[in-house]
Amino acid sequence: MKTILIVDDEPASRYGLRRALGLKYRVVEEESAAAAREALPREQPDLILLDVVMPGEDGLSFLKWLREQGHALPVLMISALDTAKTAVEALQLGAADYLVKGFELEELRHRVANLLKLTTLEKENRVLRRQLAAEGQFGRMIGGSAEMRQTFEMADRVAPTDSTVLILGESGTGKDLLAQEIHARSPRAGKAYVAVNCAALPETLIESELFGYERGAFTGASQQKKGKFELASGGTIFLDEIGDMNSVTQAKVLRVLENRTIERLGGTQSIPVDLRVISATHRNLPVEIRTEKFREDLYYRLRVVTLNLPPLREHRQDIPALAESFLQMHGARLGRTAHLTREALNAIERYDWPGNVRELRNALERSFVLCRGDEIGLQDLSLEIVNGDPSPGHRNGDEDAGTFSEKDFREAKRKFEIKYLTKQLTDHRWNVSRTAATIGLHRQSLQEKLRELGIRRPGREPMEDSDA
């Protein structure tokens, strides 16, 4: 039997609601918001009927507290106030429905039944989403490795709350996708989601973009403009690459987080904003704090909950599933299908992917477009992927950084052998006999080593046929 919690300071009103609903549902009554707060964990209601006007804490304040605490259960507001303003405010705060006292009992029963049906569906959806997160899927994100499942499960737990979230991860790991999915699973899902790339905005523009400006605030400000914080009010703002924000803007963002108000450039009026803040960065913020490039007080405001997205090279076991998903996506768009050969899959699993999931997606799109049939082979992959050697821009000044940072000796040895032999073969135009003679190996020994490491000449069959 479903449980309904009635929160109303008038005994006569509670009596009428209980009579109307008591035969079909278990009804619990409380006369104040404070008493209802204590009853929540004890009674575990499926629906709350909440009066707007009550002594002490009113219904709207209690509703706001519910949503801030992450309680997603539906709330039907009941009030003697027949004003559009109050109804709109209640719905903006997350009420599921609104009734004015004097309603017909059948109308009340109908509204309650519909809301409880929605509650059942939402509970089933939450269970399904948690199951998917445990299995390695979070919205459009895929990752069955332990590291990714842990991040997904934590994100799923924090999503229904209003807590500020900081997402850490290298460029291309999917920080924006994670932020979007957290917003989609929150009570603010139907409201605005505003993303700002702090690294892409020049210092001269970032403040006007974030806070807006009044007409005449500076040369060229011919009319008033709302900033991103104001546009996101009621919803979520995503501050991507916040570690690249200058110190002056950091101070202003800190004030927004503390006071939930903003001032447009050239303005004097404080404008309240009701929003959730999710931020992300690829930078090591504690190091940035020590070098005085990032404010410590802002850092602690942002990291109420911290989520880590590992680089793709640290969860290579997810590459086949990601590759299959991207090929399906590209195939749907291009109107055909293609799959990776075993050799091509081995190559992309060996590659370090310095650009992470974004680089993998783009590389597979390139290969999909270039392949002639329904198979993507080594000849369709870029040389840097086949050779296992990132482009110069990804080496960070040290060609062997990936090898020397590898903790496992066998894996470091394997990476070195792949790089060394691929370079020697390239220098000798992939002639196995000449390469073997140069490096002091018998031809058969070299061929066996190449088979062991999965090294193939780009666009050709196995290495034993490569002496031509």
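Begin by selecting Asp 352, which counts as buried at 14% relative accessibility. The structure on the screen is a predicted model, and each stop of this tour names residues to select in it.

**First stop: a pair with two buried partners**

Keep Asp 352 selected and add Arg 316; the two side chains meet in a salt bridge, with 2.4 Å from N to O. Arg 316 lies in the loop between β16 (305-309) and α13 (319-334), and Asp 352 in the loop between α14 (342-350) and α15 (356-370), so the pair ties together parts that are 36 residues apart in sequence. Is Arg 316 buried or exposed? At 17% relative accessibility, Arg 316 counts as buried. The limit for "buried" is under 20% relative accessible area, so the values of 17% for Arg 316 and 14% for Asp 352 both qualify.

**Second stop: further salt bridges**

Side chains of opposite charge can pair when their charged atoms come close. How many salt bridges does the structure hold? The structure holds 31 salt bridges.

Select Glu 57 and Arg 37, whose side chains form a salt bridge of 2.9 Å from N to O. Glu 57 is in the loop between β3 (47-51) and α3, while Arg 37 is in helix α2 (residues 33-43), so this pair connects parts that are 20 residues apart in sequence. Glu 57 is partly exposed, with a relative accessible area of 25%, and Arg 37 is also classed as partly exposed, at 26% relative accessibility.

Next, select Lys 449 and Glu 417, a salt bridge in which the closest N and O atoms are 3.5 Å apart. Lys 449 belongs to helix α20 (residues 443-453) and Glu 417 to helix α18 (residues 409-427), so the pair links distant parts of the chain, 32 residues apart. Glu 417 is buried, with a relative accessible area of 16%. For a group of residues rather than a pair, select Asp 8, Glu 10, Asp 51 and Lys 101, which are joined into one network by salt bridges that share partners.

**Third stop: the nonpolar cores**

Now select Leu 210, Phe 229, Ile 237, Leu 239, Val 253 and Phe 294; among the 28 residues of the largest nonpolar core, these touch the most other members. Several elements each supply at least two residues of this core: β9 (193-197), α8 (203-211), β12 (236-240), α10 (247-259), α11 (285-290) and α12 (296-302). Which of them gives the largest share? The largest share, 4 residues, comes from α10.

Centre the view on Val 253. Leaving aside neighbours within four places in sequence, Val 253 is in contact with Leu 210, Phe 211, Phe 229, Leu 239, Met 245 and Leu 298. Apart from this core lies another, of 25 residues, which includes Phe 326, Leu 340, Leu 345 and Trp 353.

**Fourth stop: the cavities**

Rolling a probe the size of a water molecule over the atoms shows where empty space is left. A search of the whole structure finds 2 cavities of 30 Å³ or more, and the largest cavity holds about 190 Å³ of space.

To see its lining, select Lys 64, Arg 67, Glu 68, Gln 92, Leu 93, Gly 94, Asp 162, Pro 187, Arg 188, Lys 191, Gly 234 and Asp 274. What kinds of residue form the lining of the largest cavity? The lining consists of 2 nonpolar, 3 polar and 7 charged residues. Helix α3 (residues 59-68) gives the most to this lining, with 3 residues.

**Last stop: three partly exposed residues**

Select Arg 434 in helix α19 (residues 432-439). At 47% relative accessibility, Arg 434 counts as partly exposed. Add Gln 424: the two residues are 10 apart in sequence, and their C-alpha atoms are 9.7 Å apart in space.

Move to Arg 303, in the loop between α12 and β16. Arg 303 counts as partly exposed, at 34% relative accessibility. Its C-alpha is 21 Å from that of Lys 228, and the two residues are 75 apart in sequence.

Finish at Asn 346, in helix α14, which is partly exposed at 26% relative accessibility. Select Gly 169 as well: Asn 346 and Gly 169 are 177 residues apart along the chain, and 25 Å separates their C-alpha atoms.

Methods:
Residues are numbered from 1 along each chain as its sequence is written. This is a predicted model: local features need pLDDT of at least 70, side-chain atom pairs count only at pLDDT 80 or more; totals for chains, interfaces and linings use all residues. Side-chain values use heavy atoms; hydrogens and water are left out. On a 1 Å grid over the protein atoms alone, a cavity is a set of points where a 1.4 Å probe fits but cannot get out, and a pocket is an open set with protein on both sides within 12 Å along at least five of seven lines; lining residues have an atom within 4 Å of a point. Grid points are joined across faces, edges and corners, and a volume is the space filled by probe spheres set on the points. Ala, Val, Leu, Ile, Met, Phe, Trp, Tyr, Cys and Pro count as nonpolar, Asp, Glu, Lys and Arg as charged, and the others, Gly among them, as polar. Buried means under 20% relative accessible area, exposed over 50%, partly exposed in between (1.4 Å probe, protein chains only). A salt bridge is a side-chain nitrogen of Lys or Arg within 4 Å of a carboxyl oxygen of Asp or Glu. A nonpolar core is a set of buried Ala, Val, Leu, Ile, Met, Phe, Trp, Tyr and Cys residues joined through side-chain atoms within 4.5 Å. Contact means heavy atoms within 4.5 Å.
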